[in-house]
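Thanks for sending this one over. Here are a few notes on the aromatic side chains, to read alongside the model.

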Amino acid sequence: MPHRIFNFAAGPAALPTPVLEKMQSELLDFQGTGVSIMEMSHRGAVYTEVFMRTREAFRRLLNVPENYQILFMQGGAIGQNAIIPLNLLGDTSKGANQTIDSVIAGAWSVKTQKEADRYAKAGGGSCKIIANSDDGSGKFLYYPEPDTWQLSDKPAYVNVCTNETIHGVEWFAPQSLADELVARDSFLVADMSSHILSRPLDVSRYGVIYGGAQKNIGPAGVTFVIVRDDLLDRQHPLCPSAFNWRNVADNDSMFNTPPTLSIYIAGLVFEWLEAQGGVAAMAEVNDTKAKLLYEFIDNSTLYRNDVQPKYRSCMNVPFFLRDESLNAEFLAQSQAAGLAALKGHKMVGGMRASIYNAVSLEAVQALVEFMKQFEQSH
Ligand SMILES: Cc1ncc(COP(=O)(O)O)c(C=O)c1O
């Protein structure tokens, strides 16, 4: 048996072992073709079947309404931060609305706002920060609620990041907000890179949902975009053809060669997810894992997490040792105990346990057990 450790990496992150095993078993000769999945045409019958099955499973898992397209693209979520304004800001020469609103709740929404602002400014507008939970020291301990947002009268769209991977802040849009934005002829564009598929989601509250795959979906290399049909035709005339959502949608994500291996592995992850009972079943396990870890942290004298309980992420749990001089020892000992990748992001320091779908309850129990013992011996 190969040696597998408990992997708490933030992304690229743990994949379910059965997925890796299936991939291994199919690697050299994919379904009797005599070649691997990486070595065949993306337009051939064999790959087309894999692709369609994968996209359908994604739609089923999230209950994506029929009036939304699912696109598989490249360039990551950071690429989409530019691709989105190019697809949604329209033609400035025809007077298209160039006002974007952004909610800031952590490092990823900061990045998105900065990129959006460049494109909005090029068209004579701007990307306005309408709420910001930075306490002034770079700490983000809650998600700004919509009743505090300084919404523009008619923003072209509103950027949110619903799970801030670095700061461990999570939030979902309420229906009342979706309704309010409809009244303003606007909609939400949500970066869900790090919690997509962690629980059921009402897709219809968002105009666009996007993210990189390398947390809950599969390996890096594929980017998902879920976009409402009526938003597919608002491109800036200079939007690159390969990143033009209309082109991508009309060509079943094969306007250019898609990342075939990553999409195939995403399909295996979706199969695994469905076998676990889908996202509702996943949510139960995810809640159990998060509760176990946060409750332990809250009741300990050595560890702390400062995020307000209501907004704590079920996927990314940053925590700090009250005595920071123990950090190096904590990391060395946890690694030796088979618990990998617990070092916090350099922006916030401390530790972070990313407990995505593929990280089992057993892994979180082992982490808590280790933390307990480390606390007792220090
Ligand atoms: C919430 C969020 N957005 C964006 C990104 C960047 O994604 P990519 O590297 O795929 O561009 C990440 C990556 O960690 C993330 O967690």
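1. Let me start with Phe 58. In this predicted model, Phe 58 has 0% relative accessibility, so the residue counts as buried. Phe 270 also comes out at 0% relative accessibility and therefore counts as buried.

2. A search over the whole structure gives 16 aromatic pairs. One of them joins Phe 58 and Phe 270: the ring centres are 5.0 Å apart and the planes meet at 15°, so this pair is stacked, given that planes under 30 degrees apart count as such. In sequence the two partners are 212 residues apart, and the pair links distant parts of the chain. Phe 58 belongs to helix H2 (residues 45–62), while Phe 270 belongs to helix H7 (residues 260–275).

3. Next, a pair with another geometry label. Tyr 303 and Phe 319 are arranged edge-to-face, with 5.9 Å from centre to centre and 85° between the planes. Tyr 303 sits in strand S11 (residues 303–304) and Phe 319 in strand S12 (residues 316–321), with these positions 16 residues apart in the numbering. Both Tyr 303 and Phe 319 are buried.

4. Which residues do ring pairs link into a cluster? The members are Phe 296, Tyr 303, Phe 319, Phe 330, Phe 370 and Phe 374. The edge-to-face partners from the previous point, Tyr 303 and Phe 319, are thus listed here too.

5. Finally, a charge over a ring. Arg 228 lies over the face of Phe 187, and its distance from the ring centre is 5.8 Å. You may like to have this contact in view when you look through the side chains.

Technical notes:
Residues are numbered from 1 along each chain as its sequence is written. This is a predicted model: local features need pLDDT of at least 70, side-chain atom pairs count only at pLDDT 80 or more; totals for chains, interfaces and linings use all residues. Side-chain values use heavy atoms; hydrogens and water are left out. Rings of Phe, Tyr and Trp (its six-membered ring) pair if their centres lie within 6.5 Å; planes under 30 degrees apart count as stacked, over 60 as edge-to-face and the rest as tilted. Helices (H or I, at least four residues) and strands (E, at least two) are DSSP runs, numbered from the N terminus. Buried means under 20% relative accessible area, exposed over 50%, partly exposed in between (1.4 Å probe, protein chains only). A charge sits over a ring if NZ of Lys or CZ of Arg is within 6 Å of the ring centre and within 35 degrees of the ring normal.
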